[in-house]
Each structure stands twice: as structure tokens, then as C-alpha cells.
Amino acid sequence: MAEMIEKVNFTDFTQSNSTIYLPLDKVTSSGVQPWENLQHPGYWYREATKHLMARRALALAIPEEDRSPPGSSPASQIASRVYTYDTYLCPQPHEENPLPGRTGVDHASLIIDVLNKAITEFQARGQHRLVQELLFQCGKEHMKREAWDDALRILRALWQKMTYRNEGWWVVVEEIAWTLRKAAAKVGDGGTVVAVDWELLHTCFARQSNWHYNIEKSLDGLNTVKVKPAIVLHAEEVQSFLTASYAFEKSEGKVGEHSLSQLAIKSSALASSTPVTISEIRVEFTGSMKPILLRHEINTESSETVKAGVLFRKTSLVDESTAKKGHDPEDPPTRHTLTSYEDLTFSPGQVKAFEFVNLLREAGDAKALKVTFSIASELFDFDYVHSFDRPSFPEMWYGEGGMKKKIVRARPSSIHVLPKPPKLELRILEFQEQYYTNELISLRLEVKNGEETDSVVDLEARLLGENIPSNIVLRRLDKMNSPSDTESEEDDHELSLGTIASGSSITVEMIISSTDLPAVYDLSLKASYNLVTDLETPISQAMSAQLSIFNPFEANYDFSPRIHPDSWPSFFTHEEPLETSQDGQDNDREAFGLAQKWCLTTRFASFATEDVIVEDIDVDILGLQGAIKCSTKRLTTIPEGGIRISPNELEEAQFDTFTQKYSLDDRGTATLDLSLVIRWRRNKDGSTTNTCIVPVPRLLVSSSEPRVLAAVTYSSTIPSMIHFDVTIENPSHHFLSFAITMDPSEQFAFSGVKQSTLQLVPLSRRTVKFRLLPTARGEWIGPITCVIRDRYFQKVLKIAPTEGMKSDKEGLLIWVPSDEEF
């Protein structure tokens, strides 16, 4: 049936692993039980195993005379078998259950194969209880075949991961455990034998009359165990008869104080079992608390107490490493183990409570993490690890005379250690409100020891934030009390200050590398120190400050064309080499293309909160696109000593920019990538010069479109006369024709063409000159309505103003100086 369902390949079974059976339609589903629906193949494989087991039972019931092969039996007996046995889908009796020494049907192998198929189907659908049941059957079938290794592999995995233990099905857990122990004993797996015996000591399992229940005798008589096993068990893997809890008397304490704590251990072993002796018990903590180690030592006083009672012991802990080696104040504190000796024999039903005195050494949260019970015998080494995360029995606080009280705190196994109030002072000297990009930040920190005794101090500095500077250096400015010259700098952000006398102070310089981007960082300073009278108790003092880093300058830009003084090459007589040398930098090559001139006007303002001195300003060429050569020249002069700029004050600087294409035939667009470089310093004596780099937007400097430039000059011979020149540039390979129209105005009289046509050959420029006689002085005149129109496209070209001019919506405006300026 299972194979038939697989061959039909129902989509509900193949596409979804959550489908257990196929329900009937609504008409016929009334009154139908779930097991009457069509189940998935795993169900039918499971049913097949039942039939195979029934078949094996029938086969085992065949008498020996019917199991003989046909050649060795009388003819009458063979004839009677025909009517006695039904061999439909089965072989003859001598093959079904052959005599010893002969081959036949291996029923166990058939059952195991079908069980494995059923396990696969049930596991795919998440039916874990059925999977565990079938795995147990599979393990027992292997044992019937005496395949002990296969049985151990299956049963050990089932024993470790089965859900019956968490659900309290102790009868099933016990049956699996005894079966696993038998297989492990056959294979010689001593570790599994000891682990199972440890769990079977619990009172939740039934007592077997023929068993010793002594963990130390688990491997007695097992000759198959060849190597001394080492076993490690955890609480979540077994139902251990030994459980433990750890509790602190108080939920809070302070560094340097003592805190009481108790370790309670309860034995839930069977009443008839032998008392268990633990070689040592180790308690681990999180935080700064030292581990506790209890070693077994026979105590005659405690052996007289009642077995089922509560034994309370006040335990004195000793740091063995300190006791043996002596305490040297110069040695750094280390994390040793606190040790004591107690009677660690636990009788069934007994509770032992050990009370400790813990010294709180470091602030923070401390928690009892786990306890490890270790048994070291001649036949095996055993460790059982119990975690305190989930309490296994009610947590109590025990006292002398049988006194006990319930602990009502949520987490009694943890304690919050408050820091000891530090008297070490940290103070930043001359801290600035703002720091700036590309500035090396230097801070001075004063460390003052306010403790009553000398202190050994370590200083640590960290920056928190995004894109923090790459380097932080701490160094002492006072070398008088430095331990050695080589210990002044241990790390980029850590510094050992050595011993600071009581009431003394040390000044430390902290240098933070510059950053290119504005940001806000949190500066965290921490001084970790120990008093020379108590080097094992660390104390810390911390402070924080906010470093605000801004751009000291912001700028806007105006990029306008100018008329290049050099003449353009002739389109008809121009020559340039066919191959150009690529040696050196591209900007050093000789250029043969069109030369153009531009003016970059930058207006920059100081965003600092104090006056700054600008010592120099320049423009750097970052990149050139479009096979072009470029150079710049600063027009603004910087006085000696720099320019003093107040906050939000606006300054202006101009730069001439000269560009030229490498080839006259190159008509492609070219762009410039520039940056404004401002060298400045704070308005203080001894301040260092910093470099601020302000980005400039990408500039378009070359195009094949014609352009019109206007320029003005003032006559040196005729007062108040202005020369107004209009230059038309044709950088294309086409002949262009332009119509020029100059309209009169009431603000000036002019001489020159009023209306004309201008022809331009390729790669050429022409200048049309006008002379203006203004009627006003000391003001802007205009607008000057000069129209340049492309006669072919009927497009009006915009005239770009140069020095002494500006434009508005209606046209160009020209500045007319006063009579004194003329």
C-alpha cells in the first residue's frame, strides 16, 4: 500500500510535508474517523512492520521437522506441508525459518528496512514521537541480529535527544536506558554505561532488585571496556539525581565589600542506592568573581549527621596560589581559584549547603554560571555540569540549626556590584567649543590623584561615532615620575601612567589625527587604577566629552568666461605633430587646440566661532576630462600676516583659469575638477597652520557651440569715453553667419555699426568695436541692447559680460566711473 501511494504520487503528499492524510470530500466525510482516511506512506510502512513481526512469530512457530529442505525429508512429509502451510507471498517453510547453518529469510533485516522507510516519512512530517518509537524498535531489531554497533549508534542518539524525558514519561525513558546500557556493555562503550547508570539513580525510575545502584561499580566485570573513559554530561541531557542552586544573600553590593553566598546540593537518588562521593566541585561565575573549588576530604563531624537532613557548613576559601607563592604588591592581579576541603559524600535524600564569603572586586553584574561535579576513579573520569539558569528545586537560604527561608528574588544567583566611589579626577584643560576639519586636535588632560594612598593608573581614550579618525596618541608631558621612557606610549589609545602619589597630578597630551568630514564624536576617557595597598581591587574613573567638528569655511562660486589674450590658430595654416609624446604628466604636454580664458570667483565665509587668520588661498587642479590642458593664476593678493576673518564674515578671491585643447581637431566637451585650498590658523600665538579643502563643483570649460563675449575698456585720451567690444567665437568646423544689431539708448551715445552681418570661418573669432559716451557718472548704465542672431538657426546668442560689466533680464549693464576715477 505504501509503495502504491508513492507510485500514484499524490501532489498533496509530495508538495507539502505537513499533510498527514487525504481527507474525503464533504459529501462522504460525515461520520468518518481520521484513521479511515488515506494516510501518508509512513503510516503503511509502520503497519507493514507489524505484519512482518507477526510473520516472524509464525515462522518461529514452525516445528523443526517442517524446516528441513525437500531433499532430506520423506515424500509423505513434503506432501503434508502443501496443506499445512500457506506460502502465498512467502517462501517455503525451510526458507522462511531455516535450520541452523542454512540460509533463509532474515526477518530482522526486512523489519529494519521498512522501519527506516517509515522513519523517513514521519520525520519529514514532524511526527517526532512516532519517529522516536520507531527508532527504539529499530535499535532492538539490531540487537536481535546482534549488530551491537548499529544498535548503540541508534539508541545513544535517541537517549540523548528524546522528548520523553522532558514530558515525564519515565517508564519509557527507563526502558530505553536499560536497552542502551545493554548495547553499550556489549560494544565496550564505558562512557555510555556510566552516563546511563548516573541517570538511573534518580527516584523517578523503578528500582531493579538485581542491581547494585553504585556508580563506582558501573564498569565492574565489563571486559569489553579497553580504554579508561572520560565522560562529560550536562543537565539538559539527563535526569540527574544531583541538583544544585546558588544564591547570594543580597542583590547588591559595593566593590571592596564582602558578600555571603550559598551553594545548596540535593541528592534525589533511590533510597537503596549507595552514597555517591564526588572528588571535587567547581563553581564558575560570570564577571570578576573567582571560581570556587571544593575538594573531597573525609570529615568525621559531618558524617554523624542524619542522612535525610540538611547539612549546613560555613566554608573558608583560600587562594592557594597566593598562599603558596606569597603576595607581591608589584605583581598584577590575576584570576585565581578559591579552594576549600569538605566532605563531598551525598546520601540519598540529603541536602548540603555550603556558605561562602565572597570579596567583591570589580563593578558590574556577577552571576553564578554553572557547577561541575567531578568523579575521578580508577575505571573512569566523570564530569556532570549543572547550569543555574533554570532552578531545579526551590531556592532557599539555609542557616545553622536547620533554619531555612525561601528566597523571593527573581534571580538569586546574580548580584549587582556597585563601583567604589573613585577619588581620581579627570579634567580637560582649555577645551574648545568647536574643532574643525583637517585640523590636528590636541587636548591636554589633567589626572589628579585624590585618594589617600598612591595609585597605579592606566589611561584609555576612545572616540565613538562614524568615520572616527585613524589615530589617537596619548603621551605624558611630565616625565619626572615616569617608570621608564619606553612605557610612555603602550598603544594608540592606551597609556600607562605608572604610580601617581596621593594629591599629585599628571598632565597628558592627547593628539587626534585630522578628519576630512564634519562629524560629532563622543570622547570617552577611562582611568583604571589600583591602590598600592590593594592591587587586586580595580577602580575606575570615567568622563566623556563631545567633540564637534565642523567645516571652518563654506564657499560659493561664479565661473565666467574671459577673452584670451592670445590669438587663435588659423584653420587653413595650422599644423601639429601626428604623434604626441606621452612622457610625463598630461598637463605638461604641449597643446595645439583652442585657448580659452575663464575667471573663477569664490566667495568664502568663516563658520568658526572665533576669529581666524587666512594665510593663503589657492586652487588645486584635481582632474581634467576631455584632453585639455589647464593652469590657474590667483588675482587676489594676500597681505603679509594673512587676512583676519571674523565669524560669518564674507571674503572674495578671484582666479584666472587658462584652458587649451591638446588637439585642434578635438571638438569634445571638457570639464575641470578643482578644489579651493585655504591655509588658516587660529588667532592665537603658537597655533599651527591648517589646510581646509573646500570642494568646487565640476566646471564645463569647452564646447563646440559658438559664444559671444563683451568687454569694456576706458579711454586714456578722451575723458569719459568707453570702448565696448563684442567678440564672437566660432569653435566649430562650420561657416557661421551672424546678424548684429545695436539699439540706441538715452543713457549714452555710441559710434559703430548699428546693424550689420558678420561672417566667421571655422575656428575663428571676430571682434566688433563700439565707442560709448555716457550721460551719467559713477553709476551703472544700460541696458545695452546688442543683439547677436544666428542667421541660419534664427537663434539669439546670449552675450556673456566680463570685467566691469554685469547682466540683468533686459541686457548688459556697464559701470561708468566718476570723473575723478577717469
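Asn438 is located in the loop that links strand 21 (435-436) and strand 22 (441-449). In this predicted model, phi of Asn438 is near 60 degrees, a positive value in a residue other than glycine. Buried means under 20% relative accessible area, and Asn438 therefore counts as buried at 16% relative accessibility. A positive phi, again near 60 degrees and again in a residue other than glycine, is found at Glu146. Glu146 belongs to the loop between helix 7 (128-144) and helix 8 (148-161). With a relative accessibility of 58%, Glu146 counts as exposed, the cut-off for that class being over 50%.

Helix 8, which follows the loop holding Glu146, has 14 residues and should span 20 Å at 1.5 Å a residue; the end C-alpha atoms of helix 8 are 20 Å apart, in agreement with that value. The buried residues in helix 8 are Trp148, Ala151, Leu152, Ile154, Leu155, Leu158 and Trp159. Their cover includes helix 7, helix 9 (164-167), helix 10 and helix 11 (190-200).

A corresponding check was made for helix 3 (residues 41-60). For the 20 residues of helix 3, a rise of 1.5 Å a residue gives an expected span of 28 Å, and the end C-alpha atoms are 29 Å apart, which agrees. Buried positions in helix 3 are Pro41, Gly42, Tyr45, Arg46, Thr49, Leu52, Arg55, Arg56 and Ala59. Three arginines, Arg46, Arg55 and Arg56, are thus among the buried residues of helix 3.

The largest nonpolar core contains 67 residues, of which Trp198, Tyr246, Leu263, Ile278 and Ile281 touch the most other members. Helix 10 (residues 170-187) supplies the largest share of this core, 7 residues. At least three residues of the core come from each of domain 1 (1-226) and domain 2 (242-321 + 336-418). A second core, separate from the largest one, has 32 residues, including Val447, Val457, Ile539 and Leu547.

Further along the chain, Ile628 is part of strand 32 (residues 628-634). The relative accessibility of Ile628 is 3%, so this residue counts as buried. The C-alpha atoms of Ile628 and Thr671 are 8.4 Å apart in space, while the two residues are separated by 43 residues in sequence.

An open sheet is formed by 3 strands in the order 44-49-48, with antiparallel pairing. Strand 44 and strand 48 (805-807) are the edge strands; each has a single partner strand, so one side of each is left without a neighbour in the sheet. On average, neighbouring strands of this sheet are turned by 30 degrees against each other, direction ignored. Strand 44 and strand 49 (residues 812-816) run antiparallel and are joined by 4 bridges. Within this pairing, Ile781 has Ile814 of strand 49 as its bridge partner. Strand 44 (residues 779-784) also contains Pro783. The peptide bond from Gly782 to Pro783 is cis, with omega near 5 degrees. The cis bond before Pro783 accordingly falls in a strand that stands at an edge of the sheet, with one side left without a neighbour.

Conventions. Residues numbered from 1 in each chain as written. Predicted model: local features only at pLDDT ≥ 70, side-chain atom pairs only at ≥ 80, totals over all residues. Heavy atoms only, no water. Helix = DSSP H or I, 4+ residues; strand = E, 2+ residues; numbered from the N terminus. Buried < 20%, exposed > 50% of the residue type's maximum accessible area, 1.4 Å probe, protein only. Expected span 1.5 Å × (residues − 1). Core = buried A, V, L, I, M, F, W, Y, C linked by side-chain atoms within 4.5 Å. Domains from an automatic or database assignment. Contact = heavy atoms within 4.5 Å. Pairing = 2+ DSSP bridges. Axes fitted to C-alpha atoms, helices over the stretch in contact; angles between N-to-C directions.
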